[in-house]
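Here are my notes from a pass through this one, in no grand order. Have the viewer open while you read.

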Amino acid sequence: MINKERLIKSFMELVATDNPSYGERAICDFITARLRSLGITPYEDDTASKIGGSAGNLYAYVEGTLDLPPILLSAHMDTVEPSCGKRAVIHDDGRITSDGKTALGADDLSGVAAILEALTVIKSPDFNIKHRPIEVLFDSAEEVYCDGIRNFDFSMLKSKEAYVFDLSESVGYAANEAPAIISFKADFTGRAAHAAFTPDEGIHAIKTAAAAVSQIKCGHVDNTTVNIGTIAGGSADNIIPERCTVTGEVRSFNSADAEMRLCEIEAVFRSAAADFSCKLDFSSKTLCDAYYVDPGHPVAQRFYKACDSIGIKATICRTHGGSDNNHFVRHGINGLVVATGMRGCHSSREYINSDDLALTSELVSSLILSEV
Ligand SMILES: [Zn+2]
């Protein structure tokens, strides 16, 4: 029932719409108009004013004609940079890419387009399809550590199960587990002094930071991953550097383990600061909590059945990235992050195959029509 031609046209229009994080106004208006044309009245929350963006989170409830619990379908509206002036190019083999100058934005416009097409079919008077109630949520600023959805009023949601179409994998994959992500920042303050006239009067902030960094294990550390991502400091070659800032992150599928690793890292920074008589200001921010959804849960069982009904193999997997689903699960909604077939995301090499786009939309419909 999916109309592939209409789906691709809609995807290309979405791609051609500028949608930077905090600048999703145009794409939010596009989705709003599409929903209204289907007789669905969306509600945009006041997140835009809270995060300094141009669009909030766009939510809609679609009444069902079957007495089944609702499910939530979600995709984010923003695209990583470069997100403006995008143009989708369809190649002979069915691949859709950008023109090479920007991201394509299949992350996550493939999810948006697939959901809109499925709703178009479900609401079409031609088919008179009986379906469960559906909630849809298109959020803003997801690429900036889910800044949009963080501000959403989750008490609005009636669904206890969610499908977030935002995984870069083959269609049929869905993630039921994601890590806690904690970022940290160590600010060292030493003492500036002339490097040649009075070097003994200085306290070297860069050497202090370097001593700490050299003792911090990076990569896989037991069941966490650790990275030192940036280091910046100093002001001139003839000055003992007074300031140095180091930033990094810790991830783990177990939130407590991530916290424990963070404590160890902080202790290393503190010890180096003490050794060099440097002042240390250490801070951290939990960007998302880890979650695990049991593959036996109905949200996963429905996914298996929906894949089966459209003739594809279902695979439940882990993801190492955060997504809106971390926030759904934290608010008591069991969700899966579902693959749309998008590839090479967060680069100008990003692409999606038009068959995968159609298959994703079929999967959306199949989840809506499932009687589980
Ligand atoms: Zn995404």
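1. Start with helix H4 (residues 106-122). Its 17 residues should span 24 Å at 1.5 Å a residue, and the end C-alpha atoms sit 23 Å apart, which agrees. Bear in mind that this is a predicted model. As for surroundings, 17 of the 17 residues of H4 are buried, so the rest of the structure largely encloses this helix.

2. Helix H9 (residues 354-369) gets the same kind of check. With 16 residues at 1.5 Å each, H9 should span 22 Å; the distance between its end C-alpha atoms is 23 Å, which agrees. H9 is mostly covered, with twelve of its 16 residues buried. Among them are Asp-356, Leu-357, Glu-362, Leu-363, Leu-367 and Ile-368.

3. What does H9 pack against? Helix H7 (residues 298-309) is a partner: the two pack at an angle of about 125°, and their axes are 9 Å apart. That angle makes H7 oblique to H9. On the H7 side the contact is made by Arg-302, Ala-306, Cys-307 and Ser-309, and on the H9 side by Leu-363, Ser-366 and Leu-367. Of these H9 residues, Leu-363 and Leu-367 are also on the buried list. The crossing of H7 and H9 is right-handed.

4. Now the sheet. Five strands make an open sheet, in the order E10-E11-E12-E9-E13, with antiparallel pairing. Strands E10 (219-221) and E13 (279-288) stand at the edges; each has a single partner strand, so one side of each has no neighbour in the sheet. From one strand to the next, the twist averages 25°.

5. Look at one edge up close. E10 pairs with strand E11 (residues 224-233) in the antiparallel sense, over three bridges. Gly-219, for instance, has Val-226 in E11 as its bridge partner.

6. Which helix lies across this sheet's strands E9, E11 and E12? Helix H5 (residues 205-215) does, lying across E9 (180-189), E11 and E12 (243-252) and running at about 20° to E12.

7. Last, a residue to click on: Ile-206, which lies in H5. Buried or partly exposed? Ile-206 has 19 other C-beta atoms within 10 Å, and buried takes 20 or more, so Ile-206 counts as partly exposed. Leaving aside neighbours within four places in sequence, Ile-206 is in contact with Gly-233, Gly-234, Pro-241 and Cys-244. Ile-206 and Arg-243 are 37 residues apart in sequence, yet 7.2 Å apart in space, C-alpha to C-alpha.

How values were computed. Residues numbered from 1 in each chain as written. Predicted model: local features only at pLDDT ≥ 70, side-chain atom pairs only at ≥ 80, totals over all residues. Pairing = 2+ DSSP bridges. Helix = DSSP H or I, 4+ residues; strand = E, 2+ residues; numbered from the N terminus. Axes fitted to C-alpha atoms, helices over the stretch in contact; angles between N-to-C directions. Contact = placed C-beta atoms within 7 Å. Expected span 1.5 Å × (residues − 1). Parallel < 35°, antiparallel > 145°, perpendicular 65-115°, else oblique. Left-handed = near helix turned anticlockwise from the far one by under 90°.
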